[in-house]
Amino acid sequence: MTPPIVPGKNGMSTVLLSHPSGSSADVYLNGAHVTSWIPAGGKEVLFMGKTATFAPGDPIRGGIPVVWPQFANTGPLPQHGFARKTEWELAAGESSEDPSTVRLLLTDDHRTRDQWPYHFRTELTVTIDDKSLQVKLDAFNTGDELFSFTAALHTYVAVADIRETAIRGFTGKWYLDKTQGGNETKDEAKKLVISDETDRVYLKGPKKVEVEDRGNERRLEIRAAGFKDTVVWNPWAEKVTGFIGLDSEDYMRMVCIEAAQIGSPVELKPGGTWSGSQTLAIV
C-alpha cells in the first residue's frame, strides 16, 4: 500500500508513513515538512513548538523545515527561501507500494519565478525503518541558465533537558559564531553542552554527530551526505519568545542540528543535479 494522505492539523494534507516495526512519521505537503518521527518502541525524536502554527503558506515551527533556495537572509529572498512555505505534491508516477517512504515534488511556477527567476525541480524523499529516518533533498536545474543556492534541513531534535544533553562530533572543527558577529572560532571542547544562546555554522561540518539525550536515556546519531556544513542552534531564554511558534520554555526541550550548504553555495548548470541527505538513527 502507498502511504495515505490524511487531513492533519487544520485539515492540511499530511502523508502518514509507517514501517512494520511500528516506526512512524508524518510529512505535511505544506513545505514537504516532516513534523513527527517515532522510532519503533521509542519516543518522538522531532521537537515541535508548543504554539506552532499550521496554515497554508506559513512555515511550521519544529520538525524538519526544508530551507531552499536560500539559507537565512544570505540573499534577496525572504528568510530561508520559499520551499518551506509552499505546497509540494506527490511525485508524478509515484507507484511505491512501500508505506515507509514518500517522494514529494516542487517545481517552479509563476509565484516562485516572481521571487526567483529560474526553472527548477526539487524533490524530497523521506524514508523510515525501525530505528532511522532519512530525508533526501534533490535539486535539478531544468532551465537554460546557471543558478546558485544555499540550503539546509533545519532539523529540530527533541531532548528532555538541553542542559543535560551532550553533542559530540565537532571537536577540532571551525565554526562561524553568529552570536559574535560571525567570528570564526575553533571548537576545542570534547563535547558541546549548550548553556546559552548558540548559533554556529560549522564549515566543513562532520559527517556524523551524536546527541546524548540523558533525560530520555537515548543516543541519536545524525549523519549527513552531500551537505558540506552543519548548523547548531538554540535561541535560549532571552530570545526564544521572539520566534513565532515557540513558547518561553521551549528552548529547554530542543536543539537544531542542521545539514546545510552555506559557506560555498551550490552552482547548478542547466541540466545539472545536486543531492544532499540527513539521516537520524537511534543507536
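A pocket is an open set of grid points with protein on both sides within 12 Å along at least five of seven lines. The exercises below use that term and work through a predicted model.

## Exercise 1. The largest pocket

Task: State how much space lies in the largest pocket, and which residues are the closest to its centre.

Solution.
- Step 1. Take the volume: the largest pocket holds about 510 Å³ of space.
- Step 2. Go to the lining. It has 25 residues, and the closest to the pocket centre are Arg61, Gln79, His80, Arg84 and Phe243.
- Step 3. Sort the lining by class. Eleven residues are nonpolar, eight are polar and six are charged.

## Exercise 2. The cavities

Task: Find how many cavities of 30 Å³ or more the model has, and describe what lines them.

Solution.
- Step 1. Count them. There are two cavities of 30 Å³ or more.
- Step 2. Take the largest cavity. Its volume is about 60 Å³. Its lining includes Pro206, Lys207, Ile222, Arg223, Ile257, Glu258 and Gln278.
- Step 3. Assign the lining to elements. Strand S16 (208–213), S17 and strand S19 (254–268) each give two or more residues to the lining of the largest cavity.
- Step 4. Classify that lining: six nonpolar, two polar and four charged residues.
- Step 5. Turn to the second largest cavity, with a volume of about 30 Å³. Among the residues that line it are Ile167, Arg168, Phe170, Asp187 and Leu192. By class, this lining has four nonpolar, two polar and four charged residues.

## Exercise 3. An open sheet

Task: Trace the eight strands of the open sheet, and identify its edge strands.

Solution.
- Step 1. Write the order: S6-S7-S8-S9-S20-S17-S16-S12, with antiparallel pairing.
- Step 2. Mark the edges. Strand S6 (89–90) and strand S12 (165–168) each pair on one side only.
- Step 3. Start at S6. Two bridges join S6 to strand S7 (residues 101–107). Leu90 has Leu104 in S7 as its bridge partner.
- Step 4. Move along to S20 (residues 273–282). Strand S9 (residues 132–141) pairs with S20 over nine antiparallel bridges. Here Leu137 is opposite Gly276 in S20.
- Step 5. Check the S17 neighbour. Strand S17 (residues 218–225) and S20 share six bridges, again antiparallel. Ile222 is bridged to Leu280 in S20.
- Step 6. Ask about cover. Seven of the ten residues of S20 are buried, so the strand is mostly covered. Buried means under 20% relative accessible area.

## Exercise 4. Strand S10

Task: Explain why strand S10 is described as largely enclosed, and list two strands that bridge to S10.

Solution.
- Step 1. Count the buried residues. S10 covers residues 147–153, and six of its seven residues are buried, so the rest of the structure largely encloses S10.
- Step 2. Look at S5. Strand S5 (residues 66–67) runs antiparallel to S10, with two bridges between them. Val66 has Leu153 as its bridge partner in S10.
- Step 3. Look at S19. Six bridges join S10 to S19, also antiparallel. Ala151 faces Gln261 in S19 across a bridge.

## Exercise 5. Aromatic pairs

Task: Work out why the pair Tyr28 and Phe54 is called tilted, then place a second pair, Tyr118 and Phe147.

Solution.
- Step 1. Set the scale. The structure holds 20 aromatic pairs.
- Step 2. Judge the angle. The ring centres of Tyr28 and Phe54 are 5.2 Å apart and the planes meet at 45°, so the pair is tilted. The cut-offs are under 30 degrees for stacked and over 60 for edge-to-face.
- Step 3. Locate both rings. Tyr28 is in strand S3 (residues 24–28) and Phe54 is in the loop between strand S4 (33–38) and S5, so the pair ties together parts 26 residues apart in sequence.
- Step 4. Test burial. Tyr28 has 5% relative accessibility and counts as buried. Phe54, at 6%, is also buried.
- Step 5. Take the second pair. Tyr118 and Phe147 are tilted too, at 5.5 Å centre to centre and 45° between the planes. Tyr118 lies in the loop between helix H1 (110–115) and strand S8 (120–128) and Phe147 lies in strand S10, so this pair links parts 29 residues apart in sequence.
- Step 6. Check Phe147. Its relative accessible area is 1%, so Phe147 is buried.
- Step 7. Widen the view. Ring pairs link Tyr118 and Phe147 into a cluster that includes Trp68, Phe82, Trp116 and Trp274.

Key
Residues numbered from 1 in each chain as written. Predicted model: local features only at pLDDT ≥ 70, side-chain atom pairs only at ≥ 80, totals over all residues. Heavy atoms only, no water. Buried < 20%, exposed > 50% of the residue type's maximum accessible area, 1.4 Å probe, protein only. Helix = DSSP H or I, 4+ residues; strand = E, 2+ residues; numbered from the N terminus. Pairing = 2+ DSSP bridges. 1 Å grid on protein atoms, 1.4 Å probe; cavity = no way out; pocket = protein on both sides within 12 Å on 5 of 7 lines; lining within 4 Å. Points joined across faces, edges and corners; volume = space filled by probe spheres on them. Nonpolar A, V, L, I, M, F, W, Y, C, P; charged D, E, K, R; others polar. Phe/Tyr/Trp six-rings, centres within 6.5 Å; stacked < 30°, edge-to-face > 60°.
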